[in-house]
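Q: Please give a close look at a single residue of the structure below. Set it in its surroundings, and then carry the account on to the other parts of the fold.

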Amino acid sequence: MSPRTSVVWTPDFLSYQLSDDHPLNPVRLDLTMRLATQLGVLDGVETLAPEPATDEDLTRVHTPSYLTAVRSAPHEPWGVGHGLGTDDNPIFLGMHEASALIAGGSVLAARAIAEGRADRAVNLAGGLHHAMADRAAGFCVYNDCSVAIAWLLEQGYERIAYVDVDVHHGDGVQAAFYDDPRVMTISMHQHPLTLWPGTGWPGEYGKGDGAGYAVNVPLPPGTGDAGWLRAFHAVVPSLLESFRPQVLVTECGADTHSDDPLANLELSIDGQRAIYHSLRDLAERTAGGKWLVLGGGGYSLFRVVPRSWTHLLATALDRDVDPARPLPADWVAHAAGLTRHPLPTAMTDGHDPSFTPWGDDVAERVDSAILETRRAVFP
Ligand code: ZLS
Ligand code: CA
Ligand code: ZN
């Protein structure tokens, strides 16, 4: 039987706008939904409208005093602390409401799976993986990934795998479950010496009962499709095959792309599409088909995120989009009215993800990253 997929969406997700010139611009979500709709990817798909996460949901991960600070910050912005009011995490009106709505979206997606109404569920506004128990960080106020996982644990789930393909380290989710063997966290990311937040070393492998259940794969700047996929396949499938998660949760940030202004990996749309197909295959083979898909970073707002996440939605819906498919003229015209950047013309960057234009130096450094991770986590 073909899998049932739920898509969580409300236009109110667009109110998570940290500031006018902030890199995490919600226009990327609007452009993605428009592109997926115009390509017919969402035809007949009923979207689920979320409610804000409750305090009970949020305090499975966050401290009550942090919730109080987030709620009051827009009204008394002086000396709030908790990482709020920084360049990365400016205080904005409705900050608690917008952040709780995104977390509620990820809980709703988890609930659709837990209640057996869906095998797969998608919240593209989610993936805010840096938020800590009592602190905002890296554009993230509430950690919807952790809140959804904590909700699943509360329902009695015993094995959740979290795979984070965003270019940044999934530090907040790792920290939330660092000593908990019920949650295996795996993050692929640009090397901590070369990218904020500077964590995600292979030696961070969990502690106490959770030792061995945190996994980090740092990749050198310049890593392209082939190197990234090589590292992924050397580490992730065998871990998931032995862990046998009941649900696979994935953070699917699209900031690994070569056009992304915040980081220095060199993936293409075609490489990212291959990643999404691998994640789907792993959910089918190792997690009984249960796949919770979250968004994440991605700062090439016009050229990358809409195409990449349309492939992600299509993958989750088993309606794969041909990379050669041209972009609809209406979408291009709409996007052209918002940017002076040249727009792509098709759903591909014209790359074969198994081909790498990079020299052996990057390939060799990818191989040493793989070895380092494997030494840390495989007995
Ligand atoms: O994973 O690098 C940093 C921290 C700083 C440098 C930048 N300044 C402004 C603050 C202090 C050390 N922060 C990163 C955070 C990256 C978060 C990624 C989130 C995710 O993709 C999941 C959603 C960072 N990199 C780039 C920026 N911040 C950044 C770039 C441009 C701007 C504009 C708005 C704000 C200030 C000017 C800003 C941040
Ligand atoms: Ca990551
Ligand atoms: Zn990121």
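A: Gln38 is partly exposed, because 17 other C-beta atoms lie within 10 Å of its own. On this scale, with C-beta atoms placed from the backbone, 20 or more such atoms within 10 Å make a residue buried, 12 or fewer make it exposed, and counts in between make it partly exposed. The model is predicted: local features need pLDDT of at least 70 and side-chain atom pairs count only at pLDDT 80 or more, whereas totals for chains, interfaces and linings use all residues. Residues are numbered from 1 along each chain as its sequence is written, while chains are lettered from A and ligands numbered from 1 in the order in which they are written.

Gln38 belongs to helix α1, residues 27–38; helices (H or I, at least four residues) and strands (E, at least two) are DSSP runs, numbered from the N terminus. Setting aside residues up to four places away in sequence, Gln38 touches Pro328, Asp330 and Trp331, contact being defined by C-beta atoms, placed from the backbone, within 7 Å. Asp144, which is 106 residues from Gln38 in sequence, is 28 Å from it in space, C-alpha to C-alpha.

Phe302 offers a second local environment. Phe302 lies in the loop between β8 (291–294) and α9 (305–316), and it counts as buried because it has 21 C-beta neighbours inside 10 Å. Beyond its neighbours within four places in sequence, Phe302 is in contact with Leu31, Ala335, Thr339, His341 and Leu343. Its C-alpha atom is 12 Å from that of Arg34, although 268 residues separate the two along the chain.

The strands build an open sheet of 8 members with parallel pairing, in the order β2-β1-β3-β8-β7-β4-β5-β6. Because β2 (47–48) and β6 stand at the edges with a single partner strand each, one side of each has no neighbour in the sheet. Pairing here requires that DSSP find at least two bridges between two strands. Towards one edge, β1 (residues 5–8) is joined to β2 by 2 bridges, with Val8 bridged to Leu48. β1 is also joined to β3 (residues 120–123) by 3 bridges, and there Thr5 has Arg120 as its bridge partner. In β1, Thr5 and Val7 point one way and Ser6 and Val8 the other, and all are buried.

Elsewhere in the sheet, 5 bridges join β4 (residues 160–164) to β7 (residues 247–251), with Asp164 bridged to Glu251. β5 (residues 183–190) pairs with β6 over 6 bridges in the parallel sense, and Met188 has Val217 as its partner in β6. Despite its edge position, β6 (residues 214–219) is largely enclosed by the rest of the structure, because 6 of its 6 residues are buried. Ala214, Asn216 and Pro218 cover one side, and Val215, Val217 and Leu219 the other.

Helix α7 (residues 225–243) has 19 residues. Its buried residues include Trp228, Phe232, Val236 and Leu240. Arg244, which follows α7, has a positive phi, near 50°.

Finally, ligand 1 has 19 residues around it, of which Asp87, Gly138, His168, Trp196 and Gly297 come nearest; a residue is near a molecule if its C-beta atom, placed from the backbone, lies within 6 Å of it.

Note on methods. Expected span 1.5 Å × (residues − 1). Contact = placed C-beta atoms within 7 Å.
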